[in-house]
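Biologist: Please take one part of this model, the strand pairing, and describe it closely. I should also like to know how that part is set within the rest of the chain.

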Amino acid sequence: MKYTQLGRTGLKVSRLVLGTMNFGPVTDEADSHAIMDAALDAGVNFFDTANVYGWGENKGRTEKIVGSWLAKGGDRRDKVVLATKVYANMGADNPAWPNHDKLSALNIRRAVDASLKRLGTDHIDLYQFHHVDRSTPWDEIWQAMDVLVQQGKILYAGSSNFAGWNIAQANETARRRGSYGLVSEQCLFNLAERRAEMEVIPAAQEYGLGVIAWSPLHGGLLGGAIRKESEGGASRSATGRAADALKDPQQRAQIQSYEDLLSKHGLDPGEAALAWLLTRPGLTGPIVGPRTAEQLESALRAVELELSEEVLASLEEIFPGPGPSPEAFAW
């Protein structure tokens, strides 16, 4: 496994981030534990979850599965850089009961204690804001986070799904207060979705944030969706974002060109998509969310895969990025 610093911090994390969103809803507890064991054995030390994972009536289920795995001991907790998130409403009420979600100091205090209990640990290494809270002042948010740091409940703060100006606003407020500020941003970023390159990633680099890419295969679209469709019939047909994209003739032609290119070079589409991300400036690593041990093995191979200049240039032709702002929309 290869490692890098998380943004401007002294923290070393693996180039692959183990995403746990499937643990509970898709993958049962025993198989989830086996995947986490295999990831740790392979040197993956960066595990990402969220308080809301499990979804619906099972919110928090994923954190509990991670917690039961950590409770097995064997230095699991000491070896893992543990990241979770706060923002979503965790109550059963619909609509949400006031103050049971978002980033008020009250909800942050409530949410972190609940996550610590589910995870069975005394601290969270990276506590991430799952979304921007447009109603809560940053001074209040940082005051709450500084208290958690002082209490030893969290070490670092990160963001997810922030715009570039949100990153700037958050870290300028932190700087004014003498707080450490955000150290990472988790954003949607892959070959087929490169808008983060316009402002989010440049802002992250300017403020010393590591960038963590979620949905690196764009909902399976970049994992050989057309090939699987033809090989496996309805049982392996694309769903969600991938299915919607393949219905569009232009996007389908783009993905066909992508798969043809990689077939020509004897490359697996999913592994190549991950390997491409690992070449991107400022990227800490992609989040891989394996449902099975086999999917984890494929992701691990991507870390060692070096794409040729020819392949990289061809991928750029198929999926041209927007470029940084303001040049992306101006001269």
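Modeller: Two strands are said to pair if DSSP finds at least two bridges between them. Strands (E, at least two residues) and helices (H or I, at least four) are DSSP runs, numbered from the N terminus. The model is predicted, so local features need pLDDT of at least 70 and side-chain atom pairs count only at pLDDT 80 or more, whereas totals for chains, interfaces and linings use all residues. Residues are numbered from 1 along each chain as its sequence is written, and side-chain values use heavy atoms, with hydrogens and water left out.

The protein contains ten strands and 13 helices. A convenient place to begin is strand β10, residues 283–288. Strand β3 (residues 17–19) runs parallel to β10 and is joined to it by two bridges; L18 has V288 of β10 as its bridge partner. β10 also pairs with β9, again in the parallel sense, over three bridges, and here G285 of β10 is the bridge partner of I212. Six of the six residues of β10 are buried (under 20% relative accessible area; exposed is over 50% and partly exposed lies in between, with a 1.4 Å probe and protein chains only). The strand is therefore largely enclosed by the rest of the structure.

From β9 (residues 210–214) the pairing continues to β8, in the parallel sense and over five bridges. I212, already met as the partner of G285, is also the bridge partner of Q186. Strand β8 covers residues 182–188, and because six of its seven residues are buried, it too is largely enclosed by the rest of the structure. β8 is paired as well with β7 (residues 154–160), in the parallel sense over three bridges, with S159 opposite E185.

Helices connect these strands. β7, helix α6 (residues 164–177) and β8 form a right-handed β-α-β unit, that is, one in which, with the strands pointing away from the viewer, the path from the first strand over the helix to the second runs clockwise. A second right-handed unit of this kind consists of β8, helix α7 (residues 200–206) and β9. In the loop between β9 and α8 (225–232) lies H218, a residue other than glycine with a positive phi, near 50°. At 10% relative accessibility, H218 counts as buried.

The nonpolar packing can be followed from F129. Leaving aside neighbours within four places in sequence, its contacts (heavy atoms within 4.5 Å) include S159 and S160 as well as L182, W138, W142 and M145. F129, Y127 and M145 have the most contacts inside the largest nonpolar core, which has 76 residues; such a core is a set of buried Ala, Val, Leu, Ile, Met, Phe, Trp, Tyr and Cys residues joined through side-chain atoms within 4.5 Å. Helix α5 (residues 138–151) gives the most to this core, with six residues. Apart from it lies another core, of twelve residues, among them L11, V13, F46 and V81.

For the protein as a whole, 51% of the 331 residues are buried. Of the contacts with a separation of 6 or more, 77% are between residues 24 or more positions apart. The C-alpha trace spans about 55 × 55 × 40 Å along its principal axes.
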